[in-house]
Amino acid sequence: MMSFRRSGLLAVTLPGLLLLASCGSNQPTEQPTTTAPAADSTQTKAAAMPTSASFGKALDGTEIQLYTLTNKQGAQATITNYGGTLVGLLMPDREGKMGDVVLGFNNVSDYQSPAFRKANPYIGALIGRYGNRIAKGKFTIDGKTYQVGVNNGPNSLHGGKVGYDQKIWEATPGTSPEGQTLTLKYLSKDGEEGYPGNLQITVVYTLTDNNALRIAYTATTDKATPVNLTNHAYFNLSHGVSKDILKHEVTLPAARYTVVDAGLIPTGELRPVKGTPFDFTTPHAIGERIAQVPGGYDHNWVLNAETGQHAAATVYDPASGRTLEVTTDQPGIQFYTGNFLDGSLKGKGGTVYGLHAGFCLETQHFPDSPNEAKFPSTILRPGETYHTTSTYTFGVRK
C-alpha cells in the first residue's frame, strides 16, 4: 500500500496530573504544584500499563473513560476517549516543580455543556475529517462536487457540525519500547458530515521517557476523500501563573504563510513573512506584535521543510523556564492564540479561560487545500495509507 504521509507528534510530560483519575475519582481536578521526585526514586517508575477511571457519562449515557499515561520521570498525560481529547499534561519547570501545561476540564459533561458547545473551542480534541477550514464546505474530486457540514459562517471548520472532537473513540491502553500508549480507533462512515468514503482511523498517543507526547495518525479509505487530521491542544507553559500566553516566546521555521480573507479562507497567496508581524524566524513574544494582526494570530505557516520529520515550532516561557519543541512531517502549522476565548468557560481548578489563555500549534496540511490546486494535496485514495506523526517535547531553560 502506498504511504500517504502527513506527520504530527506531541511530546508532553504530565507527572502527577489528575492523580485522582488513577484512584477511581469521577471528578479529577488539577493537583497542587509538586516537586518532581529524584530520577532513581521508585515513585518515578512508570506503571506497566496506563490506568483508567470514569470521566462521567456522555449525553447519550455512555460511560466515558479518562486514561493516565505515566513515564519513568513521573510525567503524566491524561486523555479521554471522548473526542480523543488531551485533558491534562504535567511538565516540570526550571525548579523541577510539576505543573499542568494544557487547558482542559474536570468531566466529560464540561465538554458537552451548552457553554462549551456555543464557544466551540475544540480544546484538546482530535480534529477531522478535515482540520481547519474548507470554503463554503464544498470541494470537487474526480469531477464530483461534495457539500460537507457548514459550521463557521459560510464555511466548514474542523470536520463540520459534528466532528471527531464529539465522537466516542474505541480506546486500548498499552505499552511500547518508548513508553505507555493509548490507541484510539474510529470508523468515520461514508457520508458522515457529507464526506465520501468509509475512513478507518487509528491514532496512537505515546508518552515517552524524554517527556515527549507523540501523536501518530493512520487512516485508510474506500473512496477518494480529503483527510487532514490534527490535535487542538491549547498550551500555557506558565501553569496558571499567567492568565494569558502573551509573554511566551515563539519561533517558527517558516519563511512564508498562507494569506487569508476576512473569513480566514486562504487566498492562494503564500506571502513572505519578512518585515511583517508574521515573522517568527527568530524568537518573538506572542504579545509583541499581536495588535498588528486584526483578531490575533490564527494562520497557517508554510514550514521550510515539507517532507520527513522536521522542526515546526519552539516556544519558551520566561516565567517558568519551560520550553516546547514541535516536530512533524506536515508541510504547515496553524498558530492560534486563543482569540475567541472570552471568559465564559471555567476549566480545571475553576480557572477562567479568557482571551489568549492558551495557544495552539496544529500540525497540518494547508486550509482549504481541496480547493487550491497549488497547495499540497490532501486527497486520500483507496489503496493508499494516510500516516502522519507529530511530537511535542518539553524541556527547561535554567
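This short presentation describes the confidence, the strand pairing and the nonpolar cores of one protein model.

Good morning, colleagues. What you see is a predicted model. Its average pLDDT is 90, and 88% of the residues score at least 70. The stretch to treat separately is residues 1–47, where the pLDDT is below 50. In the model that stretch nevertheless has 183 contacts beyond near neighbours in sequence.

Let me begin with the strands E3 to E6. Strand E3, residues 51–57, and strand E4, residues 63–70, run antiparallel and are joined by five bridges. Within that pair, threonine 51 has threonine 68 of E4 as its bridge partner. Five residues lie between the two strands of this hairpin, and glycine 61 takes a positive phi near 95° there.

The pattern continues from E4 to E5, again antiparallel and again over five bridges. Here tyrosine 67 stands opposite isoleucine 79 in E5. This hairpin also has five residues between its strands, with glycine 74 at a positive phi near 90°.

From E5 we pass to strand E6, residues 85–92; these two strands run antiparallel and share five bridges. Threonine 80 faces threonine 85 of E6. The hairpin of E5 and E6 has four residues between the strands, and its glycine 83 takes a positive phi near 75°.

Is strand E5 mostly covered, or mostly open, on its two faces? Both faces are covered: Gln76, Thr78 and Thr80 are buried on one side, and Ala77 and Ile79 are buried on the other. In total, five of the five residues of E5, which spans 76–80, are buried.

A further buried threonine deserves a moment. Threonine 181 belongs to strand E14, residues 179–188. Why does threonine 181 count as buried? Its relative accessibility is 8%, and the cut-off for buried is under 20%. Leaving out residues up to four places away in sequence, threonine 181 touches ten residues' worth of surroundings that include Pro50, Leu69, Thr172, Val204 and Tyr205.I turn next to an open sheet. Five strands compose it, in the order E21-E20-E23-E26-E29, with antiparallel pairing. Its edges are strand E21, 266–272, and strand E29, 360–364, each of which pairs on one side only. From one strand to the next, the twist averages 30°. Inside this sheet, strand E23, residues 298–302, and strand E26, residues 332–336, run antiparallel and are connected by five bridges. Histidine 299 stands opposite phenylalanine 335 in E26.

Finally, the cores. In soluble globular proteins, nonpolar side chains tend to be buried together. In this model, the largest nonpolar core has 57 residues. Those with the most contacts inside this core are Ile201, Trp301, Leu324, Phe335, Phe359, Leu361 and Phe394. Strand E15, residues 199–208, contributes the most to the core, with five residues. Apart from this core lies another, of 19 residues, among them Phe55, Leu103, Tyr111 and Ala357.

Which residues are in contact with tryptophan 301, leaving aside its neighbours within four places in sequence? They are Leu252, Ala254, Arg256, Tyr257, Val273, Phe278, Phe280, Pro331, Gly332, Ile333 and Phe335. Phe335 thus appears here as a contact of tryptophan 301, and in the sheet as the residue opposite histidine 299.

Thank you for your attention.

Key:
Residues are numbered from 1 along each chain as its sequence is written. This is a predicted model: local features need pLDDT of at least 70, side-chain atom pairs count only at pLDDT 80 or more; totals for chains, interfaces and linings use all residues. Side-chain values use heavy atoms; hydrogens and water are left out. A nonpolar core is a set of buried Ala, Val, Leu, Ile, Met, Phe, Trp, Tyr and Cys residues joined through side-chain atoms within 4.5 Å. Buried means under 20% relative accessible area, exposed over 50%, partly exposed in between (1.4 Å probe, protein chains only). Contact means heavy atoms within 4.5 Å. pLDDT is the predictor's confidence in each residue, from 0 to 100. Two strands pair if DSSP finds at least two bridges between them. Axes are lines fitted to C-alpha atoms, for helices over the stretch in contact, and angles run from 0 to 180 degrees between N-to-C directions.
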